Amino acid sequence: MKWNPFKKTEQRNSTPAYDTYYSSLAIGGESAGVSVNTETAESISAVYACVAAISETVGSLPLYVYKRTDKGREKAPQHPLYKLLHDTPNDYQTALEFREQLQRHVLLRGNAYAEIVRNGAGRPSALLPVHPDRVTILRSQQGRLLYDIVDDSGRTRRLLADEVLHVKYHSDDGIIGRSPIQVARDTVGLALAERTHGAKMFEQGTKLSGVIETQPGTTKDQAAQIRDSWAAGQAGVNNHGKTAVLPQGAQFKTVSMTLEDAEWIAARRLSIVECCRLFRMPPVMVGDMEAANYSNVVELGRFFVTNTLRRHLVAWEQAINRVLVNDPATYFVEHNVEGLLRGDSLTRAQFYERAISDGWMKRSEVRRLENMPTIEGIDDEAAQTREAG
């Protein structure tokens, strides 16, 4: 999205009733001598893995519509919103694909948008994802937000706030979100520079990098021929390890650091940790097993849920409840993260045993949580057993 903080009137709008409020800073620029944007940042394996782990998990988690009851709550599969969030939000995407796409937009660009299509009764009938680069946020003189969306034909449509599902990340002003890539551009730039440095070393096929000193009287043409001959014989992985031959009297002097001198491998390892830190991701979740072992892998998974995913899940739930649920006093949406927090079989068995013996869970509820078929009378049998005891 484009932003001009000094521009008071939106030029695309022919009516003077609205003015440009604020739009996100462009995610781009250079750092550490390399271009940093969403595409180059995602080419870093650690960034890609962090985005994939979060977006895939958020997209695949069950998202249900619940109805408040006197006894607590119950699922409301007949609610019109249930199908949009749990099955198919539009004609060409599944619910997983839709939510995964928008979560990727949140992480890489700081904002995710979906147009809300309503039927004649005012109920949501479809959710259409909109790329953040096509959205400009405006604010009316009354303080209401408006969304200008550029369609495939280049035309601009203006939507009201209740026509757009907007999920944002780490906003400074409460309107536009910021992505970790935008905020920590130098960290991403350093990781890109380290990767580029290593790729160039392998591309050259040799650790020898420096200057060639020639005899006095060497002409520019002769020097160019020596340089080209050196490049042809030494550059490239296929030439690695070949013996170099220089003209009589010429000498090669190294003037650059090797990968070992620069501790390149250690720096690359640190870049993985730094990228994970940007997304609050345990490194083990992106394949870095250095700090993982059998005893802590379950706890690291729980850390991922409670410290990484929770913020994103709550952001989704509150955004949906605000603009999509017509009767929030009766209905609400919520993710089911029980499956991610279940732990190992022994821990679950001990937990269920204590819950049943203390009387705050039933055996039928345990079977339902474990995706096991219902057994008629199992709760009555358990009650009779306790009374007999």
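## Getting to know a predicted model: worked exercises

Helix H2 is largely enclosed by the rest of the structure, because 12 of its 16 residues are buried. Keep in mind that this is a predicted model.

**Exercise 1.** Name the buried residues of H2.

*Solution.* Step one: take buried to mean under 20% relative accessible area. Step two: walk along the helix and pick out the residues that qualify. They are Ala46, Val47, Ala49, Cys50, Val51, Ala52, Ala53, Ile54, Ser55, Thr57, Val58 and Gly59.

**Exercise 2.** Check whether the span of helix H2 (residues 45-60) agrees with its number of residues.

*Solution.* Start with the rise of 1.5 Å a residue, from which the 16 residues of H2 should span 22 Å. Next, look at the end C-alpha atoms of H2, which are 22 Å apart. The expected span and the distance therefore agree.

**Exercise 3.** Find the residues with the most contacts inside the largest nonpolar core, and the helix that gives this core its largest share.

*Solution.* First, the general background: in soluble globular proteins, nonpolar side chains tend to be buried together. Second, the largest nonpolar core here has 57 residues, and Leu81, Leu165, Met281 and Ile320 have the most contacts inside it. Third, helix H9 (residues 297-323) supplies the largest share of this core, 9 residues. Apart from this core lies another, of 10 residues, including Val135, Tyr147, Leu159 and Ile176.

Now follow Met281. Leaving aside neighbours within four places in sequence, Met281 is in contact with Cys50, Ala53, Ile54, Cys276, Val286, Phe304 and Thr308. Cys50, Ala53 and Ile54 are among the buried residues of H2 from Exercise 1.

**Exercise 4.** Work out the strand order of the open sheet that contains E6, and say which helix packs on it.

*Solution.* Begin with the order: 3 strands run E7-E6-E11, with antiparallel pairing. Then find the edges: strand E7 (124-130) and strand E11 (164-168) each pair on one side only. On average, neighbouring strands of this sheet are turned by 25° against each other, direction ignored. Zoom in on strand E6 (residues 111-118), which pairs with E7 over 6 bridges; here Ala114 has Pro129 in E7 as its bridge partner. Finally, helix H4 (residues 95-109) packs on the sheet, touching E6, E7 and E11, and its direction makes about 145° with that of E6.

**Exercise 5.** Describe the protein chain as a whole.

*Solution.* Count the elements: there are 12 helices and 14 strands. Then turn to burial: 38% of the 389 residues count as buried. Last comes the surface: the chain exposes about 22800 Å², of which carbon and sulfur atoms supply 51%.

Terms used:
Residues numbered from 1 in each chain as written. Predicted model: local features only at pLDDT ≥ 70, side-chain atom pairs only at ≥ 80, totals over all residues. Heavy atoms only, no water. Helix = DSSP H or I, 4+ residues; strand = E, 2+ residues; numbered from the N terminus. Expected span 1.5 Å × (residues − 1). Buried < 20%, exposed > 50% of the residue type's maximum accessible area, 1.4 Å probe, protein only. Areas by Shrake-Rupley, 256 points an atom, 1.4 Å probe, with all protein chains shown as cover. Core = buried A, V, L, I, M, F, W, Y, C linked by side-chain atoms within 4.5 Å. Contact = heavy atoms within 4.5 Å. Pairing = 2+ DSSP bridges. Axes fitted to C-alpha atoms, helices over the stretch in contact; angles between N-to-C directions.
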